[in-house]
Amino acid sequence: MSRTMTHVRFSGAQRLLHWAMAAGIVGMLFIGVGMLSTVAPTYVPLVATHKTLGVALFALVLVRLALRVTLGAPPLPADLPPLMRLGAVLSHWALYGLMIVMPLLGWAMLSAAAYPVVLFGGIRLPPILPQSDSLHTLLWAAHRWLAFAFFALILLHVAAALFHVLVRRDGVFEAMSPLPQGRTTPER
């Protein structure tokens, strides 16, 4: 039986966006924890950084989704069990969903509190909701709890990546690896 070779990597732009956004999202999670745990003078710059980075990540995820729709993704290994395949698909869409929902929730939460969303450089975003204390409370709780869910999903994503690279050795990690490679794997 002959095997044909296919490239199994995401495009350079997709890999760059993945790793840049991964660093930004992890930074956002730590900044968020820092904001919740301090009343020190560092609070104000943390909030400004959180807002600006959140808007930047929101813009980048839209570009990333456009690339994903346009360029697609390498196929998962043919021998991946159906439950793992389903988990991979659902967890990736959940990650995309949270990358979109979290900044929108933050913006909506600040709008409902009548707090201006002012980014670095003095760029001011318009409110997307009217002022409402009860809505602000609800959105704040949703933003907070979804941040915990996002963190858990990121940990699951990292664990799956490690599983693919260390246990299965099936090329899934190499598809998104930032390291230059000419790796190809046989179709199964």
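A residue is called buried here when its relative accessible area is under 20%, and by that criterion buried residues make up 32% of the 188 residues in the protein. The model is a predicted one, and the description below moves from the overall fold to the helix pairs and then to a single histidine.

**Overall architecture**

The protein contains five helices and four strands, which follow one another from the N terminus in the order β-α-α-α-β-β-α-α-β. Along its principal axes, the C-alpha trace spans about 65 × 30 × 30 Å. When contacts between residues at least 6 apart in sequence are considered, 69% of them join residues that are at least 24 apart.

**Two helix pairs**

Two packed helices are described by the angle between their axes and the distance between the axes. The table sets out these values for two pairs, together with the make-up of each contact.

| Helix pair | Angle and axis distance | Residues of the contact |
|---|---|---|
| α1 (residues 12-36) and α2 (residues 43-71) | about 150°, 9 Å | 17 nonpolar, eight polar, two charged |
| α3 (residues 82-112) and α4 (residues 133-168) | about 150°, 8 Å | 21 nonpolar, six polar, two charged |

Because an angle over 145 degrees counts as roughly antiparallel, the value of about 150° for α1 and α2 places these two helices roughly antiparallel to each other. The crossing of α1 and α2 is left-handed. For α3 and α4, the packing angle is likewise about 150°, and α3 is therefore roughly antiparallel to α4; the crossing of this pair is left-handed.

**The length of α3**

Helix α3 comprises 31 residues, and at 1.5 Å a residue it should span 45 Å, a figure with which the 43 Å between its end C-alpha atoms agrees. The expected span is obtained by multiplying 1.5 Å by one less than the number of residues. After α3 comes Ala114, a residue whose phi is positive, near 65°.

**His50 and its surroundings**

His50 lies in helix α2. Is this histidine buried or exposed? Its relative accessibility is 16%, so His50 counts as buried, given that the cut-off for a buried residue is under 20%. Leaving aside residues up to four places away in sequence, His50 touches Met28, Ile31, Gly32, Met35 and His143. Of these partners, Met28, Ile31, Gly32 and Met35 can be placed in α1, which covers residues 12-36, whereas His143 falls within α4, which covers residues 133-168.

How values were computed. Residues are numbered from 1 along each chain as its sequence is written. This is a predicted model: local features need pLDDT of at least 70, side-chain atom pairs count only at pLDDT 80 or more; totals for chains, interfaces and linings use all residues. Side-chain values use heavy atoms; hydrogens and water are left out. Axes are lines fitted to C-alpha atoms, for helices over the stretch in contact, and angles run from 0 to 180 degrees between N-to-C directions. Angles under 35 degrees count as roughly parallel, over 145 as roughly antiparallel, 65 to 115 as roughly perpendicular and the rest as oblique. A crossing is left-handed if the near helix is turned anticlockwise from the far one by less than a right angle, and right-handed if clockwise. Ala, Val, Leu, Ile, Met, Phe, Trp, Tyr, Cys and Pro count as nonpolar, Asp, Glu, Lys and Arg as charged, and the others, Gly among them, as polar. Buried means under 20% relative accessible area, exposed over 50%, partly exposed in between (1.4 Å probe, protein chains only). Contact means heavy atoms within 4.5 Å.
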